[in-house]
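Work through the exercises below with the sequence and the coordinates side by side. Each task sentence is followed by a solution that proceeds step by step.

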Amino acid sequence: MGALKYGADALFIMLGAIMILAMHAGFAFLELGTVRKKNQVNALVKILVDFAVSTIAYFFIGYNLAYGINFFSNAEVLSAKNGFELVKFFFLLTFAAAIPAIVSGGIAERAKFHPQLIATALLVGFVYPFFEGIAWNHSLGIQSWLKATFSYEFHDFAGSVVVHAVGGWVALPAVLLLGARRGRYTKDGNVAAHPPSNIPFLALGAWILTVGWFGFNVMSAQTLDKMNGLVAINSLMAMVGGTLVALLLGKNDPGFAYNGPLAGLVAVCAGSDLMHPLGALTTGCIAGAIFVWMFTWTQNKWKIDDVLGVWPLHGLCGAWGGLAAGIFGLKELGGLGGVAFMSQLAGTGLGIAIALTGGTLIYGVLKKTIGIRLDPEQEYDGADLSIHRISATPERESNW
């Protein structure tokens, strides 16, 4: 029976890892459809190579930093329990690799390629696992302190804060240090529209992410005996809540409509195992509103050129999700309980602080040393031709 349980658990978490791995195709197509045509190849290559660099950084440094586990044993030891510990690493790697994938959307169209790979290695190797260890492995005793002070630990079932808020708040200083795309904002205060290059690809990316999210959330149970359909239904309700509110407030704009489900899913991650479905629906509706309002505000009022709106989508909706778990997870509001709002507030604030500090240090040092932005001529030509020497849709056949 032990072998059967280990095999079932390993298969369960491996399927989750595969679903989240597929989400990285969603990140790629969401970015590809949003950026201008001259930067589409760069979006595709960047997401793939960021994942490869993330794997190396997390395997050799990040996973050990977060959980105190390394893989320098022989294969016989590693394959014990049907290789469960190995596929658990694979599963958690796909979470870690979401950090640079999130950042990628904010800095699109004007960031250098190789400095971003260095940033990816540092983020996934050090910044992300530092907070991951605090939240999910009781590092530094912070969870114990929260429990002693507020009766309950900080609760983040599937990463509203650990993954999404951290990714979004890392992206914010990167976007600010890069500056806006050339021509985005004029000297007289006007905003030059850069509409999405391909709505069908944008929609495809959002759909891939949405489907994969049910692996992201449900499989966060990590073992089959802890799996619960409540997580799936709460994810569904938050998704549709975010969609409908974003459609309404976004006045039928497809960019808002397809980011709405993502906003709802970001927010419900933390409390998806605790909330009543009506609480999850409310959480998703509020997240949809946060995204539309704050994306519009940051782009048009504050002149922050966050191309895909990753700070509103992941940073703010992720932070809202951390707080929402401490509200709608309460028994008084139909939840399962076992959560305290003050612990949620403290944990969310700590995640934001670590992300802001890490993002500012990494991108600040890279900017001062090797530079993080394409030259004006390279940016004008587009990252596809400047970095990869080919466009997504060549205009002519070969000449030989």
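**Exercise 1. The largest pocket**

How do the residues of the lining of the largest pocket divide into nonpolar, polar and charged?

Solution. Keep in mind throughout that this is a predicted model. Step one is the division by class, which gives 14 nonpolar, seven polar and five charged residues in the lining of the largest pocket. Step two is the volume, which comes to about 690 Å³ for the largest pocket. Step three is to find the middle of that space: 26 residues line the largest pocket, and those closest to its centre are Trp136, His155, Asp156, Phe157 and Ser220. Step four assigns the lining to secondary structure, where helix 4 (80-96), helix 6 and helix 10 (229-249) are the elements that give two or more residues, and helix 4 gives the most, with five residues.

**Exercise 2. The second largest pocket**

Determine which helix supplies the largest share of the lining of the second largest pocket.

Solution. Begin with the volume of the second largest pocket, about 520 Å³. Its lining has 25 residues, and Arg184, His194, Pro196, Phe295 and Val307 are the closest to the centre. Next, list the elements that supply at least two residues each, namely helix 1, helix 9 (199-218), helix 11 (254-268) and helix 12 (277-300). Within the lining of the second largest pocket, the largest share, five residues, comes from helix 12. To finish, sort the lining by class, which yields 13 nonpolar, seven polar and five charged residues.

**Exercise 3. Enclosed cavities**

Count the cavities of 30 Å³ or more, and describe the lining of the largest and of the second largest.

Solution. The count comes to three cavities of 30 Å³ or more. The largest cavity has a volume of about 70 Å³, and the residues that line it are Phe27, Leu30, Glu31, Ile47, Ala101, Ile102, Gly105, Asn259, Leu308, Val310, Leu313 and His314. When these are traced to their elements, helix 1 (2-34), helix 5 (98-106) and helix 13 each supply at least two residues. By class, the lining of the largest cavity divides into eight nonpolar, three polar and one charged.

For the second largest cavity, the space is about 50 Å³, and the lining consists of Ile107, Ala111, Lys112, Pro115, Gln116, Ala119, Leu178, Tyr363, Leu366 and Ile372. Two elements, helix 6 (113-137) and helix 14 (341-369), give two or more residues to this lining, with the largest share, three residues, coming from helix 6. The classes here are eight nonpolar, one polar and one charged.

**Exercise 4. The course of helix 6**

Where does helix 6 bend, and by about how many degrees?

Solution. Following helix 6 along the chain, one finds the bend at Leu123, where it amounts to about 45 degrees. Beyond the end of helix 6 comes His138, whose phi is positive, near 60 degrees.

**Exercise 5. Helix 8 against helix 13**

Characterise the packing of helix 8 with helix 13 by angle, axis separation, handedness and contacting residues.

Solution. First, the geometry: helix 8 (residues 160-178) and helix 13 (residues 310-328) pack at an angle of about 145 degrees, and their axes are 7 Å apart. Second, the crossing in which helix 8 passes helix 13 is left-handed. Third, the contacts: helix 8 contributes Ser160, Val161, His164, Ala165, Gly168, Trp169, Ala171 and Leu172, which meet Val310, Trp311, His314, Gly315, Leu316, Gly318, Ala319, Gly321 and Gly322 of helix 13. Fourth, the classes: this contact has nine nonpolar, eight polar and no charged residues.

**Exercise 6. The surroundings of Ile290**

Which residues does Ile290 contact, once its neighbours within four places in sequence are left aside?

Solution. Start by placing Ile290, which lies in helix 12. With the sequence neighbours within four places left aside, Ile290 is in contact with Phe295, Pro312, Leu316, Cys317 and Trp320. As a contrasting pair, take Ile290 and Phe71, which are 219 residues apart along the chain and whose C-alpha atoms are separated by 41 Å.

Technical notes. Residues are numbered from 1 along each chain as its sequence is written. This is a predicted model: local features need pLDDT of at least 70, side-chain atom pairs count only at pLDDT 80 or more; totals for chains, interfaces and linings use all residues. Side-chain values use heavy atoms; hydrogens and water are left out. Axes are lines fitted to C-alpha atoms, for helices over the stretch in contact, and angles run from 0 to 180 degrees between N-to-C directions. Helices (H or I, at least four residues) and strands (E, at least two) are DSSP runs, numbered from the N terminus. A crossing is left-handed if the near helix is turned anticlockwise from the far one by less than a right angle, and right-handed if clockwise. Contact means heavy atoms within 4.5 Å. Ala, Val, Leu, Ile, Met, Phe, Trp, Tyr, Cys and Pro count as nonpolar, Asp, Glu, Lys and Arg as charged, and the others, Gly among them, as polar. On a 1 Å grid over the protein atoms alone, a cavity is a set of points where a 1.4 Å probe fits but cannot get out, and a pocket is an open set with protein on both sides within 12 Å along at least five of seven lines; lining residues have an atom within 4 Å of a point. Grid points are joined across faces, edges and corners, and a volume is the space filled by probe spheres set on the points. The bend at a residue is the angle between axes fitted to the seven residues ending there and the seven starting there.
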